[in-house]
Amino acid sequence: MPDEYRKRSMYLFLLVLVVGSCVGFQGWRTLLNNFAVEEVGLDGLGMGIVQSVREVPGFLTLLAIYVILILREHRLAALSVVIMGMGVALAGLLPTLSGLVFTTLVMSFGFHYFEAMNQSLTLQYFDHAEAPLVFGRMRSVNALANVMVGGAIYVMAKFMGYAEMLAVLGGVAVAAGLWALTRDPSRQDLPPQRKAMSLKGKYWLFYGLTFLGGARRQIFVAFAVFLLVKKFGFTIQHVTILFVVNNVLNYFISPYIGRSINRYGERWVLSLEYATLAFVFLGYAYTESGMVAALLYVADNIFFNFSMGIRTFYQKIADPRDIASGMTMGSTINHIAAVVVPVMGGLVWISNYQAVFLAAAGMSLVSLALAQMIPGQLEKRQQQG
């Protein structure tokens with residue numbers, strides 16, 4: 001079977017799963033803050049607890065390396081999307097803190113295991129020049145699906161409750177996963193993956209950037225929209241419109257980010273991301289304008305896409321047999337801080353919400369310093385190749 005056909009088969013397989021995962025997760029994410037405030041009655045601490053619980057499966061992604069001893073990676077990817085969709089569909093039926101914690105765990109196990117398998121399969125099946133482009137295209141498709149989800153929620157919210165909307169969105173993810181379970185796009189001529197946990201000193205820079213990215217990202221995920229809802233009074237319609245704007249922009253911008261990695265290298269792309277995010281988080285801390293906060297949220301979403309450079313950097317320095325273990329270990333490291341940051345942030349929020357965002361700005365500056373250690377010769381060699 002020609003290599004190009006095999007690549008197209010894997011691309012289509014991942015594309016369907018990305019769309020299904022996006023519909024379920026983006027729907028859950030769009031509805032979460034309003035559902036938590038209006039139906040469950042959570043405060044900042046309660047939201048922090050839910051967000052911390054959401055990251056526990058991410059921390060446990062390292063166990064996926066043992067799951068693929070039994071299930072092949074593409075099977076685990078499909079099954080994970082099914083599980084994620086089930087968690088989303090059940091969320092609206094359990095409108096209590098304990099119910100939200102349980103369904104969040106189910107959703108999150110599926111989401112994080114799929115993300116690890118998605119990244120691993122992409123880096124294995126596509127070469128150094130192709131992988132950034134595939135990541136960029138997938139982000140673009142993800143953004144388009146997000147726009148469609150936002151439009152669907154905007155319409156559904158007029159005549160459906162939270163339980164019905166979550167059931168519909170979760171059902172789409174389940175359907176995508178079930179379709180993928182009937183497909184086998186794998187190939188046998190790739191380097192066999194080491195199916196064991198592996199933490200290697202030569203990958204320290206990848207681990208460091210991943211750790212800081214996880215901690216910083218959780219402050220954004222847990223508290224940026226919460227700031228808009230709690231401080232500036234954004235409604236579900238406002239939040240949905242904001243998500244749509246974000247994703248329209250990301251649809252057009254994401255492919256260019258992948259091309260920029262190939263052209264300028266990971267050091268340049270990641271440095272731009274971290275420098276910009278430092279200013280974004282300072283803005284969250286001090287703005288008194290809902291419009292400015294919304295614009296900062298849009299900028300934050302755009303520059304988050306630059307983080308694909310961390311994974312393509314790893315692909316260029318890693319032993320091909322370490323791709324699967326590297327992605328699962330990277331996901332675990334990403335979530336070490338993410339498990340505790342939302343709860344700690346929720347406690348800090350009670351006395352001084354600005355300190356939460358100032359901490360994220362500081363993390364961005366540390367990441368900026370680390371990004372300067374990405375070897376320039378590596379970038380030059382990859383560009384010439």
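## Salt bridges, burial and a cavity

Reader: What makes Asp300 and Arg217 a salt bridge?

Author: In this predicted model, the closest N and O atoms of Asp300 and Arg217 are 4.0 Å apart. The test asks for a side-chain nitrogen of Lys or Arg within 4 Å of a carboxyl oxygen of Asp or Glu. Asp300 and Arg217 count as a salt bridge.

Reader: Where do Asp300 and Arg217 sit in the chain?

Author: Asp300 is in helix H11 (residues 290-304) and Arg217 in helix H8. The two are 83 residues apart, and the pair links distant parts of the chain.

Reader: Are Asp300 and Arg217 buried or exposed?

Author: Asp300 and Arg217 are both buried. That label stands for under 20% relative accessible area.

Reader: How many salt bridges does a search of the whole structure find?

Author: Four. One of them joins Arg72 to Asp184, with 3.9 Å between the closest N and O atoms. The cut-off is 4 Å, so 3.9 Å passes.

Reader: What makes Arg72 and Asp184 a tie between parts of the chain?

Author: Their places do. Arg72 lies in the loop between helix H3 (64-67) and helix H4 (73-91), while Asp184 lies in the loop between helix H7 (162-181) and H8. The parts are 112 residues apart in sequence, so the pair ties them together.

Reader: Why is Arg72 called partly exposed?

Author: Its relative accessibility is 37%. Buried needs under 20% and exposed needs over 50%. Arg72 fits neither, so it is partly exposed. Asp184 has a relative accessible area of 45%, so it is partly exposed too.

Reader: How do you know that the side chains of Lys316 and Glu266 meet in a salt bridge?

Author: The N to O distance is 2.9 Å. The limit is 4 Å. Lys316 lies in helix H12 (residues 308-317) and Glu266 in helix H10 (residues 266-286), so this pair ties together parts 50 residues apart in sequence.

Reader: Why does Glu266 count as buried?

Author: Its relative accessibility is 0%. Buried means under 20%, so Glu266 qualifies. Lys316 is at 12% and is therefore buried by that cut-off as well.

Reader: Which label does Glu115 get?

Author: Glu115 lies in helix H5 (residues 97-125). Its relative accessible area is 24%. That is not under 20% and not over 50%, so Glu115 is partly exposed.

Reader: What makes Ser80 buried?

Author: Ser80, found in helix H4, has a relative accessible area of 3%. The cut-off is 20%, so the label is buried.

Reader: How do you know that Ser80 has a polar atom by the backbone oxygen of Leu76?

Author: The backbone oxygen of Leu76 lies 2.7 Å from a polar atom of the Ser80 side chain. A polar contact allows N or O pairs within 3.5 Å. Leaving out residues up to four places away in sequence, Ser80 also touches Gly110, Phe111, Tyr113 and Phe114.

Reader: Why is Phe126 called buried?

Author: Its relative accessible area is 6%, and buried means under 20%, so the name applies. Phe126 is found in the loop between H5 and helix H6 (130-156).

Reader: What does Phe126 touch?

Author: Not counting residues up to four places away in sequence, Phe126 touches Lys7, Met10, Tyr11, Ala131, Val134 and Gln315. Met10 is 116 residues from Phe126 along the chain, with 9.6 Å between the C-alpha atoms.

Reader: Why does Gln119 get the label buried?

Author: Gln119, in helix H5, has a relative accessible area of 15%. The cut-off is 20%, so Gln119 is buried. Beyond residues up to four places away in sequence, Gln119 touches Phe135, Arg311 and Met327.

Reader: How many cavities of 30 Å³ or more does the structure hold?

Author: Two. The second largest has a volume of about 60 Å³.

Reader: Which residues line the second largest cavity?

Author: Trp28, Arg29, Leu32, Asn33, Gln51, Arg54, Val221, Val225 and Phe243. Helix H1 (3-40), helix H2 (44-59) and helix H8 (204-230) each supply at least two of the lining residues. H1 gives the most, with four.

Reader: How does the lining of the second largest cavity divide into nonpolar, polar and charged?

Author: Five residues are nonpolar, two polar and two charged. Arg29 and Arg54 are in the lining, and Arg counts as charged.

How values were computed. Residues are numbered from 1 along each chain as its sequence is written. This is a predicted model: local features need pLDDT of at least 70, side-chain atom pairs count only at pLDDT 80 or more; totals for chains, interfaces and linings use all residues. Side-chain values use heavy atoms; hydrogens and water are left out. On a 1 Å grid over the protein atoms alone, a cavity is a set of points where a 1.4 Å probe fits but cannot get out, and a pocket is an open set with protein on both sides within 12 Å along at least five of seven lines; lining residues have an atom within 4 Å of a point. Grid points are joined across faces, edges and corners, and a volume is the space filled by probe spheres set on the points. Buried means under 20% relative accessible area, exposed over 50%, partly exposed in between (1.4 Å probe, protein chains only). A polar contact is a pair of N or O atoms within 3.5 Å; within protein, one must be able to donate a hydrogen and the other to accept it, and residues adjacent in sequence count only if both atoms are side-chain atoms. Contact means heavy atoms within 4.5 Å.
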